[in-house]
Amino acid sequence: MDIRGCSIDFTDKTALVTGSSRGIGRSIADLLSELGARVIYTGTKRFCDVASGETKEYWQMDATSRESVAECQARILDLPKLDILVNNAGINQVDSVDGLLDEDWDRVMEVNLTTPMKLMRAATKVMKNACTQGRILNVSSLFGVIGRPNRHCYTATKSGLAGITRSVALELAREGIVVNAIAPGFILTDMTKSMLSEERRRSLAEIVPMGRMGDEIEIARFAAFLVSDLNSYMIGQTVVVDGGITVSPGFH
């Protein structure tokens, strides 16, 4: 058995991770950096200290603003090369089907679906021009695979992101650009800690067959594999990392 090349190394690679000032995005960006990549972080604030270091850079990008996204696209196109794009930035909207406002629907669509497509378009041009064996990873969600009440807007975008992933993966396969998506389950981030009571967190943990919510680094590790050279033959997939929820008959 040939075990050469069975380690993850991002030396000399450039990665862009959107929505990486906190949460899952930051964990992914930090891990890629630790594994040798030059990483571009993005967030909505004008300045952010998450990207301190010689191999880290921070770009302001507000995914709700078409002007801000267009600026980010232009900066991507100015890069000499881009090896990895991780579309992580996203927002949620919980509302009834008869209570959701048009502007809320449009905002979630813009952030979760339109912006990732625009950034994929820019990244693909750079990858093709540099003849890069690129990697694109879209961060979907457990709720893009299953449905729950009052999450139709969020579910539509995350399901749509999985569909885009399949189509783009087929289009770029012969270019050597590998495209996949990851769908995290219930993950314990700083945001969920602040939004959910201890009782609610316990109730969610009870739903998970493994008996606990996931950790950001568990998503980051799998994301790192998906955008690494180790993943050389899987394309167009949305891989659910949820502690077993989607295969549990009690959840559906």
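Which residues is isoleucine 76 in contact with, leaving aside its neighbours within four places in sequence? Keep that one in mind; the answer comes at point 3.

1. A word on what you are looking at. This is a predicted model, so read everything below as computed from that prediction. The secondary structure of the chain adds up to seven helices and nine strands. Its radius of gyration is 18 Å, close to the 18 Å that the globule rule gives for 252 residues, so the chain is as compact as a globular protein of that length. Along the principal axes, the C-alpha atoms fill a box of roughly 50 × 45 × 35 Å.

2. Now the inside and the outside. Of the 252 residues, 49% count as buried. Among contacts with a separation of 6 or more, 69% are between residues 24 or more positions apart. On the outside, the chain exposes about 12800 Å², and carbon and sulfur atoms supply 50% of that. As for charge, there are 28 positive and 31 negative ones, and their mean positions are 2 Å apart.

3. Back to the opening question. Isoleucine 76 is in contact with Leu16, Trp59, Leu82, Leu119, Ala122, Ala123 and Val126, once neighbours within four places are set aside. Ile76 also stands out in the largest nonpolar core, which has 28 residues: together with Ile136, Ile76 has the most contacts inside that core. Helix H2 (66–78), helix H3 (102–129) and helix H4 (152–172) are the elements that give two or more residues to this core. H3 gives the most, with nine residues. Apart from this core lies another, of 26 residues, including Leu32, Val39, Tyr41 and Ala224. As background, nonpolar side chains tend to be buried together in soluble globular proteins.

4. Next door in sequence, have a look at leucine 77, found in helix H2. Is leucine 77 buried or partly exposed? With a relative accessibility of 43%, leucine 77 counts as partly exposed, because that value falls between the 20% and 50% cut-offs. Not counting residues up to four places away in sequence, leucine 77 touches Ala122, Lys125 and Val126. Leucine 77 and arginine 121 sit 44 residues apart in sequence, while their C-alpha atoms are 9.8 Å apart in space.

5. Serine 68 is another residue of helix H2. Its relative accessibility is 14%, so serine 68 counts as buried, the cut-off being under 20%. Beyond residues up to four places away, serine 68 touches Gln60, Met61 and Asp62.

6. Two backbone angles are worth a look. Most residues other than glycine have a negative phi. Aspartate 12, though, has a positive phi near 70° without being a glycine. You will find aspartate 12 in the segment before strand E1 (14–17). At a relative accessible area of 64%, aspartate 12 is exposed, since the cut-off for that is over 50%.

7. What about cysteine 131? Its phi is positive too, at about 55°, although cysteine 131 is not a glycine. Where is cysteine 131 found? The place to look is the loop between H3 and strand E5 (135–139). With a relative accessible area of 66%, cysteine 131 is exposed.

Notes. Residues numbered from 1 in each chain as written. Predicted model: local features only at pLDDT ≥ 70, side-chain atom pairs only at ≥ 80, totals over all residues. Heavy atoms only, no water. Core = buried A, V, L, I, M, F, W, Y, C linked by side-chain atoms within 4.5 Å. Buried < 20%, exposed > 50% of the residue type's maximum accessible area, 1.4 Å probe, protein only. Helix = DSSP H or I, 4+ residues; strand = E, 2+ residues; numbered from the N terminus. Contact = heavy atoms within 4.5 Å. Rg over C-alpha atoms; globule rule 2.2 N^0.38 Å. Areas by Shrake-Rupley, 256 points an atom, 1.4 Å probe, with all protein chains shown as cover. Lys, Arg positive; Asp, Glu negative; His and termini not counted. Charge placed at Lys NZ, Arg CZ, Asp CG, Glu CD.
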